[in-house]
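Colleague: I'm new to this one and could use a guided close look at a single part. Could you pick out a stretch of paired strands and walk me through it, with some context around it?

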Amino acid sequence: MMHSARELRQSFIRYFEREGHQAVPSSALIPQADPTLLFTNAGMNQFKRVFLGEESRPYRRAVSVQKCLRAGGKHNDLENVGYTRRHHTFFEMLGNFSFGDYFKEDAIKFGWEFLTQTVGLATDRLWVTIFREDDEADRLWRHIGVSPSRIVRCGEKDNFWQMADTGPCGPCSEIHFDQGPSVPGDDRPNGEGDRVIEIWNLVFMQFNRDTNGTLHPLPKPSIDTGMGLERLAAVAQGVYSNYDSDLFTPLLAAIAKRAETQYGQQDQTDRSLRVIADHLRAITFLMTDGVLPSNEGRGYVLRRILRRAARHGRLIGIVEPFLHELSATVVEQMGNAYPEVRMAAGTVSEATRGEEERFIATLDQGLPILNELIHKTRAAGRTVLGGSDVFKLYDTYGFPMDLITESCREQAMSVDESGFNAAIEEQRNRARKTGGFEQETARPAVAELAKRIGTSAFVGYEQLEHDGVLLAILKGEQLVKEAMEGDTVELALDGTPCYAEGGGQVGDQGTLVGPEGVIDIKETTRPAPTLILHKGTVRQGRIREGEQVHVTVHASLRRDAARNHTATHLVHAALRDLLGPHVKQYGSLVGPNRLRFDFAHFRPLSTRDIDDIESTVNEEIRKNETVRTEVMTIQDAVAKGALAFFGDKYGEQVRVVTVESFSKELCGGTHCRHTGEIGLFRIVSEGGVAAGVRRIEAQTGSGAYALMKKLETDVRELSDLLKAGQSELVAKTKKLMAQLKDKERDLEELKLKMASGASVASTARTIAGVPVHVQRTDGLDANGMRILADQLRDKLKSGVVALGAVTGDGKVSLLVVVTKDLTGRLKAGDLIKSMAAEVGGTGGGRPEMAQAGGKDADKLDTALEKVFSLVEGTLQR
């Protein structure tokens with residue numbers, strides 16, 4: 001009966017293809033048809049809209065092997081992974097589906113036939129559970145040959161499935177496998193232990209539940225089934241644990257080899273090996289599908305998984321980055337079934353290594369503190385770690401809460417989570433008070449105004465001028481009936497062509513003209529979802545509530561903002577094409593004069609990357625592609641390929657901006673009608689703003705042209721200064737730089753000779769038999785001071801060297817060296833801390849060498865003189 005996992009995948013697809021099913025490739029782990037779902041967690045996710053009747057497919061029967069992840073949200077198996085033999089974060093789900101085609105009879109026949117004939121499972125080891133009221137399923141299972149004694153009726157909790165509180169639902173049948181008396185547990189389904197385990201769930205979608213809870217028969221009942229490949233492989237291969245199947249044994253062997261241990265020898269080590277094996281699969285597939293570690297949403301889940309794996313590496317003796325190396329084993333094992341994993345191998349390795357290195361720094365700081373906290377808590381006779389202590393470790397050192405909890409769990413301790421949560425809430429309250437957030441929500445006049453006038457209509461997609469009614473005038477926090485010349489006010493209209501700041505795009509500027517006055521609009525905002533306010537100053541005359549007014553948008557500024565906004569979409573698409581699907585917008589600023597785009601990526605862009613992005617965007621501009629906008633449901637938008645991200649808030653109707661086949665995004669901003677209107681695109685800068693987040697700043701149109709003209713002017717000036725033709729500038733500059741380096745080296749050598757010569761003031765004393773050399777070295781930089789200190793140390797053979805200098809900017813630089821034979825009694829770091837305090841600074845370092853800086857140059861001589869008393873005091877202890 002032995003079947004490899006690869007054979008099981010292939011035989012499952014082949015069996016159902018013979019039964020008229022369309023083989024459908026696995027969808028991504030990021031559910032593109034449902035931005036409300038954190039991860040794809042079942043085979044039916046990609047068919048959800050088909051089951052709901054919102055979408056049709058050219059087939060009515062489907063079969064798939066779907067990659068799934070359960071680690072976050074409602075379905076979260078993360079904390080159990082490693083502690084049990086069958087929980088996983090990443091897994092593969094085998095499934096067959098009927099969209100109003102066959103129903104219970106065929107679903108039951110297919111399931112039984114595949115398991116007993118294709119896989120070869122013994123019929124006397126199989127059990128079936130059914131919903132307690134499903135007499136039809138009972139009859140069909142008996143008809144196919146299942147003994148009545150092995151059919152168990154269960155309640156709604158185990159055998160009734162529903163997509164939500166209302167909508168499609170129905171009874172289900174589960175097929176269970178008895179692993180035998182050698183496995184602990186009850187000998188019947190849904191009992192205690194692992195002896196009898198569920199392997200396949202057949203869902204019979206035959207009802208629609210209304211808001212009253214009443215079940216109505218569906219006109220076209222459907223089938224949705226799911227079976228975990230990992231569990232099936234274990235059963236088919238005759239092993240008790242999923243981790244003993246061939247899906248995991250090569251990976252466990254590779255991890256054990258890296259840790260110089262063996263799987264199956266020691267429980268605690270085995271647990272860590274299982275955690276790492278499972279998490280490596282999740283890491284590899286998440287990154288392949290475009291998720292990068294971050295502090296929110298899917299990226300945060302990935303970060304938790306990766307860091308949990310890295311910590312378990314430490315528990316088995318691996319203290320350096322290692323996961324990035326072992327991801328290659330996952331690629332090798334899964335690459336045939338999922339070719340996209342091979343294509344992303346480089347990205348996976350590089351991004352994993354970067355996150356590992358950051359986490360190792362966190363662990364190096366936090367673990368000793370955590371261990372000390374646990375030790376003190378135990379010594380005090382307690383088993384619960386204090387919430388305030390845990391918060392300090394979390395807040396000050398960035399130590400993840402889940403790893404604190406798991407570390408305590410391993411030592412039979414727990415965490416005061418309520419105390420931790422209280423400390424978190426207290427910090428949030430402080431942040432609100434100091435961050436101005438309270439002020440942001442404390443505008444009762446705006447809230448009252450939003451209620452009073454209803455919705456301000458935005459008509460600016462189609463026109464830049466509009467006649468409307470002035471509904472309200474807000475002066476500060478007071479609603480007034482009129483505003484006079486010089487007054488700064490905020491105005492609410494029944495309709496406006498002015499775009500309110502949102503989606504990264506700044507608000508429009510413009511002019512409002514009334515019967516007796518004119519206002520210059522400097523800012524348009526949306527302080528409440530339905531309210532648009534125009535902030536400006538009355539330039540002449542006066543304006544009154546209720547007047548008919550004419551509003552004109554500043555057209556050139558709007559066009560420039562539109563150029564930058566459309567260019568932002570092109571940049572996003574170019575980045576995803578060049579770097580991979582992990583690139584995700586983290587924020588943007590679109591103004592008339594520039595654009596800024598923050599995105600997820602794990603390393604700086606190379607010069608070539610920047611050139612390629614710029615070239616790609618400019619090529620799309622030269623094509624003069626049509627920019628189309630459509631309004632549709634969020635489901636339709638995502639189904640058509642528009643980018644939507646988990647956690648973003650979308651209404652029922654969304655606006656989709658499409659640039660031919662190059663870009664498709666949900667966006668409420670204003671755009672060009674053709675890409676050619678952008679004119680020109682130039683990247684001004686690229687840099688990092690946070691771990692895993694990069695930023696591009698760029699200009700378009702006249703701004704990009706002005707930037708090019710400035711560069712041309714700068715080049716001409718350089719050419720004149722260097723007395724070289726423009727084509728010779730690079731070569732001439734390189735030559736000058738080389739000459740300058742030579743001169744700097746000569747100057748440093750001269751300074752060093754002068755500093756080490758007899759003409760420079762220095763003091764040497766012997767304290768308790770230890771030579772102490774003190775010297776001012778003004779003019780030497782830090783490197784020169786280190787070289788001089790090394791020379792003096794070598795000359796002394798045994799002793800202490802203390803150097804101090806006033807730097808070019810008037811600050812103090814200190815350096816202390818202690819020869820190795822004395823570091824048991826004298827430590828450079830201890831000496832320099834007291835010296836640094838004299839000059840208003842801080843410092844530290846190793847026992848044999850330490851450096852410090854300070855602000856008070858007048859106290860340098862006092863600090864240097866202090867070395868003698870410090871050495872004397874230390875040696876006398």
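Modeller: Here is a walk through one set of paired strands, with the overall setting before it and two threonines after it.

Keep in mind that this is a predicted model. The protein has 877 residues, and 48% of them are buried. Its secondary structure adds up to 25 helices and 34 strands, and the C-alpha trace spans about 110 × 85 × 60 Å along its principal axes. If you take the contacts between residues at least 6 apart in sequence, 66% of them link residues at least 24 apart.

Now for the part itself, which centres on strand E28. This strand covers residues 693-700, and it pairs with strand E23 (residues 595-600) in the antiparallel sense over 6 bridges. If you want one spot to look at, go to Phe599, whose bridge partner in E28 is Arg694.

E28 has another pairing to look at, with strand E27 (residues 681-690). Those two also run antiparallel, and 8 bridges join them. Here you can pick out Gly687, which stands opposite Arg695 in E28. E27 and E28 form a hairpin with 2 residues between the strands, and in that hairpin Gly692 takes a positive phi near 80°. While you're looking at strands, a general point helps: side chains in a regular strand alternate between the two faces of the sheet.

From there, step back along the chain to strand E25 (residues 653-659), where you'll find Thr658. Is Thr658 buried or exposed? It is buried, because its relative accessible area is 0%, and buried here means under 20%. The side chain of Thr658 makes a polar contact of 3.4 Å with that of Lys664. Leaving out residues up to four places away in sequence, Thr658 touches Thr626, Val627, Arg628, Glu630, Ser663 and Lys664.

For a helical counterpart, try Thr352 in helix H12, which runs over residues 345-379. Thr352 has a relative accessible area of 1%, so this residue is buried too. With residues up to four places away in sequence set aside, the neighbours Thr352 touches are Ile283, Met287, Leu306, Leu323 and His324. As for Pro250, it lies 102 residues from Thr352 along the chain, and the C-alpha atoms of the two are separated by 20 Å.

One last look at the outside: the accessible surface comes to about 41000 Å², with 48% of it belonging to carbon and sulfur atoms. The protein carries 111 positive and 121 negative charges, and the mean positions of the two sets are 3 Å apart.

How values were computed:
Residues numbered from 1 in each chain as written. Predicted model: local features only at pLDDT ≥ 70, side-chain atom pairs only at ≥ 80, totals over all residues. Heavy atoms only, no water. Helix = DSSP H or I, 4+ residues; strand = E, 2+ residues; numbered from the N terminus. Buried < 20%, exposed > 50% of the residue type's maximum accessible area, 1.4 Å probe, protein only. Contact = heavy atoms within 4.5 Å. Areas by Shrake-Rupley, 256 points an atom, 1.4 Å probe, with all protein chains shown as cover. Lys, Arg positive; Asp, Glu negative; His and termini not counted. Charge placed at Lys NZ, Arg CZ, Asp CG, Glu CD. Polar contact = N/O pair within 3.5 Å; in protein donor to acceptor, adjacent residues only side chain to side chain. Pairing = 2+ DSSP bridges.
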